[in-house]
Amino acid sequence: MNPALANTLTIDGQVIPFTQGQTIMDAALAAGIYIPHLCHKPGLTPHGSCKLCTVDIEGRNVSACTYPASAGMQVANNTPALNEVRKTLIQMLFVEGNHLCPTCDKTGDCTLQALGYHLGMLDGHFPPFYPLREVDASHPDFILDRDRCIMCALCVRASQEVDGKNVFALSGRGANNHVIVNSPSGKLGDSDLTQDDLAAHICPVGAILPKNQGHEVPIGRRTFDLHTVAESDLAVALMKTEHHDD
Ligand code: SF4
Ligand code: FES
């Protein structure tokens, strides 16, 4: 191995550095390279469930958010074939839940919707499931609409790893997989979720929403009205790195 490549890998022809223990996603974000992702958030343990971050390493598909970076690795990321697979994954997530953007308070701030635009998705392609899952409006400040949950487990990890609580969990397998609330009644209003919790604000879709502020930020001035999902996620990763370096 060329010693100059000892701590570098290549993504789409661009040579970037990495440090021991970083995943391909960590190294890419630190170098300002966007790899589409949905269940990943810098600072939380990777979950590896959505597969949006699938990249190609010399003919083998791996999840960039869980796969360790290694010296001399040749990674393909922004290719038409991989983006087509990612678009199909987004279409499947759209039809599996009730993601009716024009009626959802999260529109313009929703990462699923933003990824649909990023990947050129024009329709759901597959027949919609129209699931009927329990909506929990028992909490004074937040509503949990399970019909929009994409099972990313960001709320689960944020509650455990940042908030020091255990408010959410995923339960069931396959089509029965759903988010549950750890409280005596199973209701959000009976849990110890508070306004300050990261778990209350991390949902990438409209499954956990604050009450009483639906249109405080008007449509047209929301996150993804002003920035692409790539710009937004790279900025979040940069903030996390700077905070970590302080
Ligand atoms: S409620 Fe939101 S954050 Fe939690 S698993 Fe579902 S989509 Fe992810
Ligand atoms: S972002 Fe890597 S699997 Fe979801």
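This passage walks through the cavities, the bound ligand and the salt bridges of a predicted model.

Start with the empty space inside the protein. A search over the whole structure turns up 3 cavities of 30 Å³ or more. The largest of them has a volume of about 110 Å³, and its lining is made up of 16 residues. Nearest the centre of this cavity lie Cys149, Cys152, Cys155, Cys203 and Ile208. Two elements, helix α4 (154–162) and strand β8 (168–171), each give two or more residues to that lining. As for chemical character, the lining of the largest cavity splits into 16 nonpolar residues, with no polar and no charged ones. Cysteine counts as nonpolar in this scheme, a point worth keeping in mind when reading the tally.

The largest cavity is also where ligand 1 sits. Around ligand 1 there is a shell formed by Cys149, Ile150, Met151, Cys152, Ala153, Cys155, Cys203, Pro204, Val205, Ala207 and Ile208. Sorted by class, this shell comes out as 11 nonpolar residues, no polar and no charged. The residues listed nearest the cavity centre, namely Cys149, Cys152, Cys155, Cys203 and Ile208, turn up again in the shell around ligand 1.

Next comes the second largest cavity, which holds about 90 Å³ of space. Its lining has 13 residues, and those nearest the centre are His99, Cys101, Cys104, Cys110 and Gly206. Here the classes are mixed: 6 of the lining residues are nonpolar, 5 are polar and 2 are charged. In the largest cavity, by comparison, the lining has no polar and no charged residues.

Turning to charged side chains, the count comes to 6 salt bridges. One of them joins Lys187 to Glu134, with a nitrogen-to-oxygen distance of 2.6 Å. This contact ties together distant parts of the chain, 53 residues apart: Lys187 belongs to the loop between β9 (178–181) and β10 (208–210), while Glu134 belongs to the loop between α3 (111–118) and β6 (135–136). Lys187 counts as partly exposed because its relative accessible area is 33%, a value that falls between the 20% and 50% limits. Glu134 is likewise partly exposed, at 43% relative accessibility. The pair is not on its own, either, as Glu134, Arg146 and Lys187 are linked in a network of salt bridges.

A second long-range contact is the salt bridge between Asp197 and Lys165, whose side chains meet at 3.0 Å, N to O. Again the partners come from distant parts of the chain, with Asp197 in the loop between β9 and β10, Lys165 in the loop between α4 and β8, and 32 residues separating them. Asp197 has a relative accessible area of just 5%, so this residue is buried.

Arg148 and Asp145 make a further salt bridge, in which the closest N and O atoms are 3.8 Å apart. Both Arg148 and Asp145 are buried.

Finally, a word on helix α3, which contains Leu115. With a relative accessibility of 0%, Leu115 counts as buried. Between Leu115 and Pro131 there are 22 Å in space, C-alpha to C-alpha, for a separation of 16 residues in sequence.

Technical notes
Residues numbered from 1 in each chain as written. Chains lettered and ligands numbered in written order. Predicted model: local features only at pLDDT ≥ 70, side-chain atom pairs only at ≥ 80, totals over all residues. Heavy atoms only, no water. 1 Å grid on protein atoms, 1.4 Å probe; cavity = no way out; pocket = protein on both sides within 12 Å on 5 of 7 lines; lining within 4 Å. Points joined across faces, edges and corners; volume = space filled by probe spheres on them. Helix = DSSP H or I, 4+ residues; strand = E, 2+ residues; numbered from the N terminus. Near = heavy atom within 4 Å. Sits in = over half its atoms within 2 Å of the grid points. Salt bridge = Lys/Arg side-chain N within 4 Å of Asp/Glu carboxyl O. Buried < 20%, exposed > 50% of the residue type's maximum accessible area, 1.4 Å probe, protein only.
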